[in-house]
Amino acid sequence: MEIFLIRVLQFVLAITLLVFLHEGGHFFFAKLFGVRVEKFYIFFDWKFSLFKFKPKNSDTEYGIGWLPLGGYCKIAGMIDESFDTEQMKQPVKDYEFRAKPAWQRLLIMIGGVLVNFLLALFIYSQILFWWGDTYIPVKDMTLGMKFNQEAKSYGFRDGDILLGTEKGAFKDFSADLYRDISEAHRVDVMRDGKRVSITLPGELNLLNMLKADPSFVRPLMPARVDSVMPGSPAATIGMKAGDHILAFNGTPIDSYNAFTEQLGRREDLLATAVTAADSIKARTVTIVFGNSERTDTAQVIMTPELKLGFYVPTIANLYKPVTREYGFFESIPAGIKYGWHVLASYVDDMKYVFSAEGAKSLGGFGAIGSLFPPTWDWYMFWKMTAFLSIILAFMNILPIPALDGGHVLFLLYEMVTGRKPSEEFMIRAEYVGFGLLILLMVVANLNDILRWLGYM
């Protein structure tokens with residue numbers, strides 16, 4: 001429960017900050033050009049609000065809504081998600097949005113996206129300035145990698161140390177490494193002390209690589225016991241720190257990766273259990289373990305979660321991270337470069353959304369919240385906030401009615417043709433766009449529920 005609350009708090013804080021600044025971007029340009037802002041809300045206040053106030057001699061009501069689907073500025077003389085059609089029937093007033101030149105209206109509409117994008121670049125710059133860039137170089141992972149059958153069909157072998165592609169050297173083990181491999185025609189590895197090149201088609205499906213079980217590639221982890229939890233099944237059979245798992249139900253184990261693959265098969269067996277006896281049978285396994293001085297074989301019943309109660313070394317225990325530090329002025333261009341790379345990668349990955357598997361990968365509030373760490377970590381909080389700011393900027397600039405990008409599209413049409421779309425058309429477009437957004441949100445959050453229930 002504590003982990004859940006910490007993640008919820010981080011998520012709510014990040015979203016509140018991003019929504020406030022996004023709407024603040026619209027608010028700033030509206031005020032700059034003398035446009036009246038009637039309401040400024042964080043979250044939607046459909047039917048009622050959690051908090052609201054209107055300063056004396058102010059035209060703007062400020063508040064916090066209860067529906068965390070975004071926020072809004074209700075700008076006078078504009079067709080938006082408030083669907084205030086009565087106002088549009090009145091004569092045009094000089095303080096209204098519709099009374100201003102198209103270029104001013106365009107700046108008002110892109111103000112939120114602009115703020116979110118600049119915010120992300122600023123946060124990334126400050127992360128590099130305060131924390132630097134800490135990572136484990138892939139070339140230093142001397143135990144190499146573990147590959148699935150698809151990867152091996154292209155010529156990879158367990159234990160290969162990844163070096164890079166024709167585009168350059170790999171930096172760290174992250175989604176960028178998968179992306180580089182998916183686009184590569186050649187991947188260089190170190191194998192048995194020799195540099196070997198592997199030919200690839202250059203168009204592997206990144207989503208399939210990431211979702212495969214086991215995944216296309218992951219760091220090879222030794223099946224070495226680092227510590228044993230007191231009172232656990234592992235402790236009852238005499239497993240000790242320094243032992244290696246040698247076999248699991250008669251299957252030789254050469255790495256912790258292979259051990260987790262065997263656990264995955266047990267999970268499938270446990271899922272079909274009907275009675276308590278079936279469950280115990282699925283959880284009962286024979287383990288061979290030991291060290292250079294002894295080898296033990298024991299039958300043990302794993303926990304209902306299929307845990308034995310031992311821990312293995314982490315990547316950080318196995319390899320020494322390196323840190324690149326940045327001065328204040330160095331961090332600015334580095335943060336901009338990093339933020340632009342994040343945006344470009346996100347845009348490139350959007351093509352998978354339109355596939356069946358991509359649609360299943362959509363996530364709602366639960367999926368986004370789970371990206372935050374289970375403990376309060378300011379580094380990860382700001383990194384996730386910057387990433388969400390990039391996503392918010394990109395999603396809002398999409399040319400979909402009801403989003404900023406939809407309004408921008410119609411304004412560009414007006415600026416090019418000299419003709420303004422009719423108010424009736426704009427209202428209908430707003431309804432269509434809003435309906436599409438609600439449908440997308442329902443699908444994304446339904447995916448979260450189905451994953452939680454174990455159906456996806």
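The following legends accompany an overview and several close-up views of a predicted model of one protein chain.

**Figure 1. Overview of the protein chain in the predicted model.** The secondary structure of the chain amounts to 16 helices and 16 strands. Its C-alpha trace spans about 90 × 55 × 40 Å along the principal axes. Of the 456 residues, 43% are buried. Among contacts between residues at least 6 apart in sequence, 63% join residues at least 24 apart. The chain exposes about 24600 Å², of which carbon and sulfur atoms supply 63%.

**Figure 2. Packing of helix H1 against helix H3.** Helix H1 comprises residues 2-32 and helix H3 residues 102-131; their axes lie 7 Å apart, at an angle of about 140 degrees. The two helices are therefore oblique to each other, and H1 passes H3 in a right-handed crossing. H1 contributes Leu18, Leu21, His22, Gly25, His26, Phe29 and Ala30 to the contact, and the residues of H3 that they meet include Leu107, Ile108, Met109, Gly111 and Gly112. Further along H3, the contact also includes Val113, Leu114, Val115, Asn116 and Leu119. By class, eleven of the contact residues are nonpolar, six are polar and none is charged.

**Figure 3. Surroundings of asparagine 116 in helix H3.** Asparagine 116 has a relative accessibility of 0% and therefore counts as buried. With residues up to four places away in sequence left out, asparagine 116 touches Leu18, His22, Ser389, Leu392 and Ala393. Two of these residues, Leu18 and His22, belong to the H1 side of the contact shown in Figure 2.

**Figure 4. Helices H8 and H9 in contact.** The axes of helix H8 (residues 256-271) and helix H9 (residues 276-283) come within 9 Å and cross at roughly 175 degrees. Because of this angle, H8 is roughly antiparallel to H9. Arg266, Leu269 and Leu270 in H8 meet Ser279, Lys281, Ala282 and Arg283 in H9. The residues of this contact divide into three nonpolar, one polar and three charged.

**Figure 5. Buried residues of helix H5 and their cover.** Helix H5 runs over residues 175-183, and its buried residues are Leu177, Tyr178, Arg179, Ile181 and Ser182. The cover over these residues includes three strands, E5 (161-165), E7 (186-191) and E9 (217-219). Helices H6 (206-211) and H11 (328-349) are also among the covering elements.

**Figure 6. The cis peptide bond from aspartate 213 to proline 214.** Omega of this bond is near 0 degrees. Proline 214 is placed in the loop between H6 and E9. Most peptide bonds are trans.

**Figure 7. Asparagine 57 and its positive phi.** Most residues other than glycine have a negative phi. Asparagine 57, by contrast, has a phi near 65 degrees. Asparagine 57 lies in the loop between strand E1 (37-53) and strand E2 (61-75). With a relative accessible area of 78%, asparagine 57 is exposed.

**Figure 8. Aspartate 192 in the loop between E7 and strand E8 (194-199).** Aspartate 192 is not a glycine, yet its phi is positive, at about 55 degrees. At 73% relative accessibility, aspartate 192 counts as exposed. The preceding strand, E7 (186-191), is one of the elements that cover the buried residues of H5 in Figure 5.

Terms used: Residues are numbered from 1 along each chain as its sequence is written. This is a predicted model: local features need pLDDT of at least 70, side-chain atom pairs count only at pLDDT 80 or more; totals for chains, interfaces and linings use all residues. Side-chain values use heavy atoms; hydrogens and water are left out. Axes are lines fitted to C-alpha atoms, for helices over the stretch in contact, and angles run from 0 to 180 degrees between N-to-C directions. Helices (H or I, at least four residues) and strands (E, at least two) are DSSP runs, numbered from the N terminus. Angles under 35 degrees count as roughly parallel, over 145 as roughly antiparallel, 65 to 115 as roughly perpendicular and the rest as oblique. A crossing is left-handed if the near helix is turned anticlockwise from the far one by less than a right angle, and right-handed if clockwise. Contact means heavy atoms within 4.5 Å. Ala, Val, Leu, Ile, Met, Phe, Trp, Tyr, Cys and Pro count as nonpolar, Asp, Glu, Lys and Arg as charged, and the others, Gly among them, as polar. Buried means under 20% relative accessible area, exposed over 50%, partly exposed in between (1.4 Å probe, protein chains only). Accessible areas come from the Shrake-Rupley method with a 1.4 Å probe; for residues, only the protein chains shown count as cover.
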